[in-house]
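This report describes how one protein chain is packed. It follows a helix and the residues around it.

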Amino acid sequence: MNQQNEARGELHLEAREALRPSALHQLWRLESGALRLDSWSDGAPPTFVRLMLPGDLVGVEALAGAAPHIQVAALTASMLVPVALPEGKSLTRMWMDAVSQAHHRARDMASMRTGPTDKRVRRLLQALSEGHSPGADEVMDCTLPSLNDMARILNLAPETVCRALSNLRQSNVLRDVSPKPSKFSRLYNRSHNLSQSLVMAAS
């Protein structure tokens, strides 16, 4: 269930929780976490469209009249804050920024769905760590979505994603924060450290 902080207007979503349809008629900004935008037509299953990452506006498509055909769901625990629609030139500027933002995400998605598997996975992890500055040991925080979600985003089989993550862990590029070993099927939505070398390797 979507939880809203009445005092601040914040909306909190648990991993894999969908944003309720009524909330899509409000414009939001994603403060933390990661969301997925899906689209569907009558009689067809939902199709993944793009990632939404911190700083992105949420609800633009609904305000443009596409609300009945979209669904927004959390890939990881996420927090959104409401955005008031400005007027005049400020509104034009906001829509221009939203279009530029969507283009940027679409370009990123194209790079994540083509090319060698290891680079596709690295690009996704790099995107999920967006907004986290490297620490003194040049690592960044990264929370993994479920394997199925990652597979749909990357257009790969879950088993293929699992093998790629295993290779990253073996090379010490991806490190589970918890000292206890875990099966990959249970690694999603847990915090990980991501080596900054990943950024260079993904480019």
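## Packing around helix α4

V161 is buried, with a relative accessible area of 0%. The model is a predicted one. V161 is part of helix α5, and, with neighbours within four places in sequence left aside, V161 is in contact with L147, M150, A151, L154 and L156. Another position that comes close to V161 in space is T117: the two are 44 residues apart in sequence, and their C-alpha atoms are 7.8 Å apart.

The chain as a whole has six helices and nine strands. Of its 203 residues, 41% count as buried. Among contacts between residues at least 6 apart in sequence, 65% join residues at least 24 apart.

**The cores**

The largest nonpolar core holds 26 residues. Those with the most contacts inside this core are L51, M112, L124, L125, I153, V161 and L165. Two or more residues of the core come from each of β4 (47–52), α2 (88–112), α3 (117–128), α4 (147–154) and α5 (158–170). A second core, separate from the largest one, has 16 residues, among them L11, V58, A62 and I70.

L51 represents strand β4 in the largest core. With a relative accessibility of 3%, L51 counts as buried, because the cut-off for burial is under 20%. Beyond neighbours within four places in sequence, L51 is in contact with L35, D56, L75, R105, M109, M112, L124, A127 and I153. One of these partners, L124, lies 73 residues away along the chain, with 9.7 Å between the two C-alpha atoms.

I153 is also among the residues with the most contacts inside the largest core. Leaving aside neighbours within four places in sequence, I153 is in contact with F48, L51, L75, M109, M112, R113 and L124.

**Helix α4 and its cover**

How many of the eight residues of α4 are buried? Six are, and the helix is mostly covered. The buried residues of α4 are L147, D149, M150, A151, I153 and L154. Their cover includes three strands, β3 (28–39), β4 and β6 (70–82), along with the helices α2, α3 and α5.

Two of the covering helices, α3 and α5, can be described by the geometry of their packing against α4.

| Helix pair | Axis separation | Angle between axes |
|---|---|---|
| α3 and α4 | within 11 Å | roughly 110° |
| α4 and α5 | 8 Å | about 100° |

The axes of α3 and α4 cross at roughly 110°, which makes α3 roughly perpendicular to α4. The crossing of α3 past α4 is right-handed. On the α3 side the residues that meet α4 are R120, V121 and L124, and on the α4 side they are M150, I153 and L154. By class, this contact has five nonpolar residues, no polar ones and one charged one.

The angle of about 100° between α4 and α5 means that these helices, too, are roughly perpendicular to each other. From α4, the contact takes in L147, N148, M150, A151 and L154; from α5, it takes in P158, V161, C162 and L165. By class, the contact of α4 with α5 has eight nonpolar residues, one polar and no charged. M150 and L154 therefore appear in the contact with α5 and also in the contact with α3, and both count as buried under the cut-off of 20% relative accessible area.

**Two loop residues with positive phi**

Most residues other than glycine have a negative phi. Which residue follows α4 with a positive phi? It is N155, whose phi is near 60°. N155 lies in the loop between α4 and α5, and is a residue other than glycine.

N172 has a phi near 65°, also a positive value in a residue other than glycine. The residue is found in the loop between α5 and β8 (174–176). N172 is partly exposed, with a relative accessible area of 43%.

Definitions and conventions: Residues are numbered from 1 along each chain as its sequence is written. This is a predicted model: local features need pLDDT of at least 70, side-chain atom pairs count only at pLDDT 80 or more; totals for chains, interfaces and linings use all residues. Side-chain values use heavy atoms; hydrogens and water are left out. A nonpolar core is a set of buried Ala, Val, Leu, Ile, Met, Phe, Trp, Tyr and Cys residues joined through side-chain atoms within 4.5 Å. Buried means under 20% relative accessible area, exposed over 50%, partly exposed in between (1.4 Å probe, protein chains only). Helices (H or I, at least four residues) and strands (E, at least two) are DSSP runs, numbered from the N terminus. Contact means heavy atoms within 4.5 Å. Axes are lines fitted to C-alpha atoms, for helices over the stretch in contact, and angles run from 0 to 180 degrees between N-to-C directions. Angles under 35 degrees count as roughly parallel, over 145 as roughly antiparallel, 65 to 115 as roughly perpendicular and the rest as oblique. A crossing is left-handed if the near helix is turned anticlockwise from the far one by less than a right angle, and right-handed if clockwise. Ala, Val, Leu, Ile, Met, Phe, Trp, Tyr, Cys and Pro count as nonpolar, Asp, Glu, Lys and Arg as charged, and the others, Gly among them, as polar.
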